[in-house]
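Colleague: Please take one part of this model and go through it slowly with me, including what surrounds it and how far I may trust what I see.

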Amino acid sequence: MSEAWRGVRWWRQAALALAVLGGFAAHAALAADCPGNPNALGVSRTLVVDPRQHPRIGTMQYPETLPLADHEVVLTFDDGPLPKNSNKVLDILADECVKATFFTIGGQARANPEGVRKLLAAGHTIGTHTQTHPLSMNRMATDRARQEIEDGIASTKAALGDNADALAPFFRIPGLLRADNVEDYLAEQGIQTWSADFLADDWRHISSARVYDLAVSRLEAKGKGILLLHDIQARTVAALPRILQTLKARGYRIVHVVPATAERPATPTEPQQWLFHPAPDSIAQWPQVPNFVFVHVGSLPVPSRAGFDSAEESPLLGQAAPTRVPWPDPSEVVPGNATVTLAAPASSLFEIEGGLDVALHGAAMSRHVHKTASAAPGPSRRLSRREARRLALTNGRQARLAHASDRQTRRGEAQTSRQKTRAATTTRRGPVKRLVQVRKRRV
Ligand SMILES: [Zn+2]
C-alpha cells in the first residue's frame, strides 16, 4: 500500500468517525427536541445513499446492505397507505420522533393520496412497491414489470402533486420475488432495490406479541439492519410502540435513509461497510443464511388470501398467487466458477397464498445470493462448486437447528418438524430443495 493511499484511507476513516460522532450528537439533540417526549427514541443520524452506487441492498437476498453500525436500525413499512392502520403507524412514529421509509403501492396511493402526503409531511422517506402488488415479478416479462414499476411511481407522484420530486428512487419488489430483468431495469433507472435484513412476519396470522418477539429477537440476532414491517397491518400497529420502546431501552438507534441528490451528496462510506459480514478473503463465509427464515415455515397456520387482514379493504393485495413452482433444471445451473442465475421461487411453495409479502426470502436468498454482484465495485462475485456446496451444508445445519428449536416451542408440530428434519438431511441441494420436499410430503 502506498503512502498516498494510506493517507487517503486515514482521511476517509477520520471523516467517517466524525460522521458517526455527529450522528450521536444529532440523536441527543433530536430526542430532546421531540415535542412532548423528552425520552423519545428519535433519529440518530441521516444516511444519504446513492442508488447508482449500491443498486441492491438487504442481506436476505443481496451481498450488500446499508452501511449501518452496530445497533443501528432502519425501519421500513410496505403496502400502504391504508388510512385505518397507516395513520396509527404515523402517530406512533411521531410520538417517538422516528423517521422510516415507506414503500407505497400505487393503487393505494391513488385511493388514499392524502396518506402519501402525510408521509411526506411527517418527514419520512417514500419509495414505491409497484402499482398492484403482483406476487409474480419473479416470472414477469420485462415490459409488464416495467409497467408495474412505472405505474406505481406515477401514482405515488400524482399523490404528492407539486412535491413529486420528494419521491425517493427506492423500490421493494412485492414478496421479495426478485428477478434479474426486474433488478436490471430498476438499476438502469437509477432506482435502488430494497430487500431487508430481517422480518417480523407481520403479514402472517400471528399475534402482535409474536410480531414484537420476532422483530426484537431477529434484530438482537443480527445486531443491526433493515426491518421490514407493514403499516397496513393492525398487529403491526399494536406491536410497534413496544418495539420502539425496546429499541430505546436496549440502546438501538434509528437511522433515517434518504437518497443522494445534486445538493445532498451521499454519506461517505467504505465499500466493506456495505457488507454485513465483511470477509474479503473468503466468500464462502458470506452470506450467512438468516436461520430465522426457516423457523416458522410450515409450522404456522397457513394463511388464506381471504384471511389477509386488509384483503377486503385492499383488493390490490389479493393478487393471484403463482400456481407452479418454477424450479430450475439442475442441468441449467452453470457449474464451476460461473455466475449462477436462478429464477425466484413461486409463492405457492410454502402454501401461503396471495396477500402476503415475504414468504420466500430464505429460499430466494439461498439461491440468488450466488448471482448477485459483490458489494465492491467490479465484477460479480462467483462461487466455486466447492464453495457453493459448503454454503449449502451450512444452510442445512442452520435449517435443522431452526427446526429443532421450533419443535420445542410450538405444540402439535412434532411430526411436521421430524418430516422437515428428515427432508433437510436427505439432500445437499440447500434449503430450497428441502422445502420442496417438505411440501410434497404435506400435500
Ligand atoms: Zn408488499
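Modeller: What follows is a close reading of one helix and the loop before it, with a second helix set beside it and a note on confidence at the end.

This is a predicted model, in which local features need pLDDT (the predictor's confidence in each residue, from 0 to 100) of at least 70 and side-chain atom pairs count only at pLDDT 80 or more, while totals for chains, interfaces and linings use all residues. Residues are numbered from 1 along each chain as its sequence is written. Helices (H or I, at least four residues) and strands (E, at least two) are DSSP runs, numbered from the N terminus, and the protein chain comes to 13 helices and 10 strands.

The part I would look at is helix 5, residues 142-160. Its 19 residues, at 1.5 Å a residue, should span 27 Å (the expected span is 1.5 Å times one less than the number of residues), and the end C-alpha atoms are 27 Å apart, which agrees. The buried residues of helix 5 (buried meaning 20 or more other C-beta atoms within 10 Å of a residue's own, exposed 12 or fewer, and partly exposed in between, with C-beta atoms placed from the backbone) are Ala-145, Glu-148, Ile-149, Gly-152, Ile-153, Ser-155, Thr-156 and Ala-159. They cover an arc (that of the directions from the helix axis to the C-beta atoms) of only 160 degrees, which puts them on the same side of helix 5. What they pack against is a mixture of helices and strands: strand 4 (101-104), helix 3 (106-111), helix 4 (113-121), strand 5 (125-128), strand 6 (170-171) and helix 6 (180-188). After helix 5 comes Gly-161, which has a positive phi near 60 degrees.

The loop between strand 5 and helix 5 deserves equal care, and Thr-130 is found there. As a general background, most residues other than glycine have a negative phi, and most peptide bonds are trans. Thr-130 nevertheless has a positive phi, near 80 degrees, and is buried, with 28 other C-beta atoms within 10 Å. His-133 lies in that loop between strand 5 and helix 5 too; its phi is positive, about 60 degrees, although it is not a glycine, and His-133 is buried, with 25 other C-beta atoms within 10 Å.

For comparison, take helix 7 (residues 208-222), whose 15 residues should span 21 Å at 1.5 Å a residue and whose end C-alpha atoms are 21 Å apart, which agrees. Here Val-211, Tyr-212, Leu-214, Ala-215, Arg-218, Leu-219 and Lys-222 are buried. They cover an arc of only 165 degrees around the axis, which puts them on the same side of helix 7. The face turned away from that buried side carries the exposed residues Ala-209, Glu-220 and Ala-221, and helix 7 is followed by Gly-223, with a positive phi near 85 degrees.

As to trust, the protein chain averages a pLDDT of 72, and 55% of the residues score at least 70. Over residues 14-29 pLDDT stays under 50, and it stays under 50 over residues 279-383 as well. Where pLDDT is low, the predicted coordinates should not be read in detail.

Note on methods
Contact = placed C-beta atoms within 7 Å.
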